[in-house]
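Please look over the chain shown here before reading on. The report then takes up its overall layout, its core, one helix and several single residues.

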Amino acid sequence: MAVTIRDVARATGVHVSTVSRSFSAPHLVNPATRDRVLAAADQLGYRPNRAARALTTGRTMNLGLIVADIANPFFPPLIKAAQSHARSHDYHVFVADTDEDPRAEEELLRTLAKQVDGVILCSPRLANDQIVRLAEDVPFVVVNRQVEGLPWVLMDVAQGAALALEHLRGLGHRRLAYVRGPAGSWTSEEMRAAAEGVPVIGPNQPTEQGGIAAARAVADSGATGVLCYNDLVALGLIEGLADLGVRVPADVSVVGVDDILPGRLNRPKLTTVAMPTDAAGRAAVDLLLGAETGPVKLPTALIVRESTGEAPR
């Protein structure tokens, strides 16, 4: 037989309402009493009915997390960090993927708004005015986009791009190129601004195929140092250049952004800008739950590996 709230109340010698508040409004319960209730609930195996709690408190205890492409290795660490941090606050997280499609993004936001207490929107493809309009239905936190009037978390990709270009110039590279991301990407435009004066190749899909497709243009440009929109593009570019007989880093140095696992396993190992995805996931949850006030900007860091070297003479 399932353990009920009355079983916990009998075990701790308190009223059932005290047990209920220990879960739904713990700040209203004496800490010692709350700890005793939670310990008894854990020992008995009691789990509160979330649906019933939602009817009482008006909160679902669920959050939504929408990402642009769940297959991109950049997103899973952020998702895991957000889920773990939300769970520590007794919230569950629903994860959804837009496949880089702004129409799918809007549809998901409208659907989730009815089921969650707030939404974390990562690397959105919608325009800012659309995001603001949709935020009237449910609280939002935006990751990797500045939207006026909404809390946001930024991983400072502009700083990272500047570090990458400084690194390439320090190796003697004077002919540089930036292989940009998809049209409409806020991150891509931030990097483009940081790379002012550097020739731009693209737009490109933010995938390995996007990098492969850009290889011919990079080779024809004469660039010896290349900054890519992300690590997937960089890995594809290295593959595409190899197919053209262009060696990395002997002929062309390549820098990615994100520090995903495949970049560490590639040969050559990828020089990249590390993004603080774990910290971003936790900060987004804190902003959504009111545990932190925004906005939040997190620093990035350059990690030098094997895909960059001195400019060819």
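What follows describes a predicted model, moving from the whole chain to individual residues.

## Overall layout

The protein chain holds 13 helices and 12 strands, and its C-alpha atoms fill a box of roughly 80 × 40 × 35 Å along the principal axes. Of the 313 residues in the protein chain, 49% are buried. Among contacts between residues at least 6 apart in sequence, 63% join residues that are at least 24 apart. The chain is divided into domain 1 (5-48), domain 2 (60-150) and domain 3 (157-276), and the centres of domain 1 and domain 2, taken over C-alpha atoms, are separated by 32 Å.

## The nonpolar core

In soluble globular proteins, nonpolar side chains tend to be buried together. The largest nonpolar core in this model has 45 residues, and those with the most contacts inside it are L65, I120, C122, V143, V153, M191 and L227. Helix α13 (residues 277-289) gives the most to this core, contributing 6 residues. Because domain 2 (60-150) and domain 3 (157-276) both give residues to the core, it lies between them.

M191, one of the core residues with the most contacts inside it, can be followed further through its neighbours. Leaving aside residues within four places in sequence, M191 is in contact with V157, A161, Y178, L227, C228, Y229 and V257.

## Helix α10

Helix α10 spans residues 208-221, which makes 14 residues, and it reaches 20 Å from its first C-alpha to its last, close to the 20 Å expected at 1.5 Å a residue. The helix nevertheless bends by about 35° at A214, and A214 is itself among the buried residues of α10, together with G210, G211, A215 and V218. An α-helix has 3.6 residues a turn, so residues three or four places apart point the same way. The buried residues of α10 pack against β6 (176-179), β7 (200-201), β8 (225-228) and α11 (231-243). After the helix comes G222, whose phi is positive, near 80°.

## Two residues with low accessibility

Is S22, in helix α2 (residues 16-24), buried or exposed? S22 counts as buried because its relative accessibility is 3%, a value under the 20% limit for that class. A polar atom of the S22 side chain lies 2.8 Å from the backbone oxygen of T18. Not counting residues up to four places away in sequence, S22 also touches V29, R34, V37 and L38.

I260 is found in a loop, the one between β9 and α12 (261-265), and it is buried, with a relative accessible area of 4%. Leaving aside neighbours within four places in sequence, I260 is in contact with P73, F74, D231 and L232. The C-alpha atoms of I260 and M275, which are 15 residues apart along the chain, are separated by 9.1 Å.

## Backbone features in the loops

Most residues other than glycine have a negative phi, and most peptide bonds are trans. The table lists places in this model that depart from those habits.

| Site | Backbone feature | Value |
|---|---|---|
| G202 to P203 | cis peptide bond | omega near 20° |
| V248 to P249 | cis peptide bond | omega about 10° |
| D90 | positive phi, not a glycine | phi about 65° |
| D99 | positive phi, not a glycine | phi about 55° |

Each cis bond can be placed through its proline. P203 lies in the loop between β7 and α10, and P249 lies in the loop between α11 and β9 (253-258).

The two aspartates can be placed in a similar way. D90 lies in the loop between α5 (75-88) and β2 (92-97), and D99 is found in the loop between β2 and α6 (102-112). How accessible is D90? With a relative accessibility of 30%, D90 counts as partly exposed, because that class takes in values between the 20% limit for buried and the 50% limit for exposed. D99, at 56% relative accessibility, counts as exposed.

Note on methods. Residues numbered from 1 in each chain as written. Predicted model: local features only at pLDDT ≥ 70, side-chain atom pairs only at ≥ 80, totals over all residues. Heavy atoms only, no water. Helix = DSSP H or I, 4+ residues; strand = E, 2+ residues; numbered from the N terminus. Expected span 1.5 Å × (residues − 1). Bend = angle between axes of the 7 residues up to and from the residue. Buried < 20%, exposed > 50% of the residue type's maximum accessible area, 1.4 Å probe, protein only. Contact = heavy atoms within 4.5 Å. Polar contact = N/O pair within 3.5 Å; in protein donor to acceptor, adjacent residues only side chain to side chain. Core = buried A, V, L, I, M, F, W, Y, C linked by side-chain atoms within 4.5 Å. Domains from an automatic or database assignment.
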